[in-house]
Amino acid sequence: MKIAVCVKAVPDTDAKIAIAGDKKGIDFNGVRIITSPYDEFAIEEALKLKEKHGGETTVFSVGGAEATDVLRDSLARGIDSAVHINDDEFAGLDPLSTAKVLAAAIKDGGFDAVFCGQQGVGGDNNQVPAMLAELLNMPQATIILKLEIDGNKFKAEREIEGAHEFVEGTLPALFSTQKGLNEPRYPSIKGVMAARRKEIAVKNAEALGVKGQFNVDNRKVKVKEMALPKERPVGRKLDGDVDAQVKTLLDLLRTEARVI
Amino acid sequence: MAEGILVFIEQRQGQIRKASLEALSEAYRRISSVGGNVTALIIGKDVKGLAGNLPKYHPHKVLVVDGGDFENYSTEGYASALTAGIKSVSPKYVFAANTNMAKDLIPRVAARTDAPCVSDVTEFEADGNNLLPKRPQYSGKTYTVFEFNSPLAFMTLRPNVFAVQESSNNVNCPIEDLQVSAGDIRAKVVETHAATGNKIELSEASIIVSGGRGIKGPENWPVLQSLCDELGAALGASRAVVDAGWIDHQHQVGQTGKTVSPQLYIACGISGAIQHLAGMNSSKVIVAINNNPDAEIFKHATYGIVGDCLEVVPKLTDELKKMHANG
């Protein structure tokens, strides 16, 4: 099997976030960068499939210098090769443009399966996987909790509101992964050492045949402004012993907040 | 010139999602500034009766894609139907509720129509007849306002944020069939199982009671469940207790779990890690119960009780029981 995995470098989920000077994005200075947590399930599922069915795995990431560490992390976990999609033209890409760039890099690879995390944390768009499936003309199963592959057929369990649904389809296909699908392995020391020596292929806009297509002026959606959220009104701690506090709380919820 | 708003109405097993009615109602509230008409599109098998429930939410027209190929959800079949709906009415905007079906379908159709999408919108700003969607990002630490540069744009709306606006009078509007070929379907839903555990879906619940480390162990979930039962609330959890294996991930609220916006969120023994706050700080009213008076959660809470949640919660449940017994 030929398996592709798409990963994204994102700020650590515990990081304090500050807004950049131009108010169009966040300030990455001093922010620890990690592999988006949902992508770890994508990497793990690709590795498990390779262990079971043989084949090769390739990881792709669109991003600046920060993507290098994330690609090395994938290699350290056991992914065979890495492609870094990097060009100044790609800075701050919207999801549709990101999907187009990824599709340009993946489409001729002859992949049987493509894995993405269900969303990149931070942006939280949940868009790139389904867009990429469309652009690659593949069927898809998104937000999956379980996957079985038998020949060119797959059966996936996906999470929906209040239920799980089971999707059957044929390969090649794209899958987006949800927490619960598997237990991602940590990179081994040996893996980390080997990953350091591996070469990461770099592809720019010209190599992908998309030069000029994703200039800022051509983008169909832009950030107008990023701002800090409205402060929540200062709350109050209730007084008295537990019994008094409980009574006060129910009274406030009924008469002041009117939510019960 | 594209104008108007097309709203994708999600139905499963003959039930229209409330969040879709929220999206339809918001389209109605926005249409005078956007211009054009509101069209509701519903897809399925034998859904004409359901379509008849939609006029009271004020669309100008309801489009129905009905057929055996649409009995079970498939990304490709539904994408064909929604794309046909878009071709039929040439809207400026497509609205949908931000559910797991929408996360699967809407970006696929956006790519097919080469149009941009903004997900999980919680607010709109208006600029003339353009809508500027606003949404939280980065752990709720930022709010981002987007602008489109496209004749067609997609937006998914966060459930539980926009009000349903229903007419009590008899309202009529045309309900039209749209003939669509489902096309090549290479993957489709073959069965659906109701999830065990959560009786009320977190993202649609109007009240949520959540537990963290402060509940001390999984044996104490019944304490919180009793309060949920009394309030008609859904049960949530922090990442810490999900990772500890005390409860299934479907209950997790936060950046790597569900994002929720209930009317009332009661955090029991939850310290208030950034990643948890990200998932719930757009709740209308937040109650924190924690025995550490310096816990971060109190900075975000509307009302705080400093105390052991295992002592406070049963008292709350008892008082509510008395309240309900007295009407």
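# Exercises on a two-chain predicted model

The largest nonpolar core in this predicted model holds 124 residues, and Val5(A), Val114(A), Leu132(A) and Val7(B) have the most contacts inside it. Let's start there and work outward.

## Exercise 1: Inside the cores

Pick Leu132(A) and list what it touches, leaving out residues up to four places away in sequence. Then look for a second core.

**Solution.** Step one: Leu132(A) touches Ala99(A), Leu102(A), Ala103(A), Val114(A), Cys116(A) and Leu174(A). Step two: check that list against the residues with the most contacts in the core, and you'll find Val114(A) there too. Step three: a second core of 48 residues is separate, and Leu249(A), Leu253(A), Trp246(B) and Leu316(B) are among its members. As a bit of background, nonpolar side chains in soluble globular proteins tend to be buried together.

## Exercise 2: Chain A at a glance

How many helices and strands does chain A have, and what part of its residues is buried?

**Solution.** Begin with the elements: chain A has 6 helices and 13 strands. Next comes burial, with 47% of its 260 residues buried. For the overall extent, the C-alpha atoms fill a box of roughly 65 × 45 × 40 Å along the principal axes. Now turn to contacts with a separation of 6 or more: in chain A, 70% of them join residues 24 or more positions apart. Finally, the domain assignment splits chain A into domain 1 (2-218) and domain 2 (231-260), whose C-alpha centres lie 45 Å apart.

## Exercise 3: Walk across the sheet

Trace the open sheet of 10 strands, and say which strands stand at the edges.

**Solution.** First, write down the order: 11(A)-5(A)-4(A)-1(A)-6(A)-10(A)-7(A)-8(A)-9(A)-13(B), with mixed pairing. Second, look at the ends. Strand 11 (201-203) of chain A and strand 13 (187-194) of chain B each have a single partner strand, so one side of each is left without a neighbour in the sheet. Third, the twist from one strand to the next averages 30 degrees.

Now zoom in on one pair. Strand 6 (residues 113-117) and strand 10 (residues 173-177) of chain A run parallel and are joined by 5 bridges. Within that pair, Gly117(A) stands opposite Thr177(A).

Last, add the helices. Helix 1 (residues 37-53) of chain A lies across several strands, including strand 6 of chain A, and runs at about 155 degrees to strand 6. Helix 3 (residues 95-106) of chain A also lies across a set of strands, strand 4 of chain A among them, and makes an angle of about 145 degrees with strand 4.

## Exercise 4: Where the chains meet

How many residues does each chain bring to the contact between chain A and chain B?

**Solution.** Count each side: 76 residues come from chain B and 70 residues from chain A. On the side of chain B, helix 4 (residues 100-112) gives the most, with 9 residues. Sort that side by class and you get 34 nonpolar, 25 polar and 17 charged residues. Strands pair up between the chains as well: strand 12 (residues 221-227) of chain A is antiparallel to strand 10 (residues 142-148) of chain B, over 6 bridges. One of the partners there is Thr144(B), bridged to Met226(A).

## Exercise 5: Two domains in chain B

How far apart are the centres of domain 1 of chain B and domain 2 of chain B?

**Solution.** Set the bounds: the domain assignment gives domain 1 (5-177) and domain 2 (202-325). Their centres, taken over C-alpha atoms, are separated by 32 Å. Then see who does the touching, with 10 residues from domain 1 of chain B and 12 residues from domain 2 of chain B. The domain 1 side has 4 nonpolar, 4 polar and 2 charged residues.

## Exercise 6: Backbone oddities

Lys23(A) has a positive phi although it is not a glycine, and so does Asn160(B). Are they buried or exposed, or partly exposed?

**Solution.** Take Lys23(A), with phi about 60 degrees, in the loop between strand 2 (9-11) and strand 3 (33-35) of chain A. Lys23(A) has 14 C-beta neighbours inside 10 Å, so it counts as partly exposed. Now take Asn160(B), with phi about 75 degrees, in the loop between strand 11 (153-157) and strand 12 (175-177) of chain B. Asn160(B) has 23 such neighbours inside 10 Å and therefore counts as buried.

To finish, find the cis peptide bond that runs from Leu171(A) to Pro172(A), with omega near 0 degrees. Pro172(A) is in the loop between strand 9 (163-170) and strand 10 of chain A.

Notes
Residues numbered from 1 in each chain as written. Chains lettered and ligands numbered in written order. Predicted model: local features only at pLDDT ≥ 70, side-chain atom pairs only at ≥ 80, totals over all residues. Contact = placed C-beta atoms within 7 Å. Helix = DSSP H or I, 4+ residues; strand = E, 2+ residues; numbered from the N terminus. Nonpolar A, V, L, I, M, F, W, Y, C, P; charged D, E, K, R; others polar. Pairing = 2+ DSSP bridges. Domains from an automatic or database assignment. Axes fitted to C-alpha atoms, helices over the stretch in contact; angles between N-to-C directions. Buried ≥ 20, exposed ≤ 12 C-beta atoms within 10 Å, placed from the backbone. Core = buried A, V, L, I, M, F, W, Y, C linked by C-beta atoms within 7 Å.
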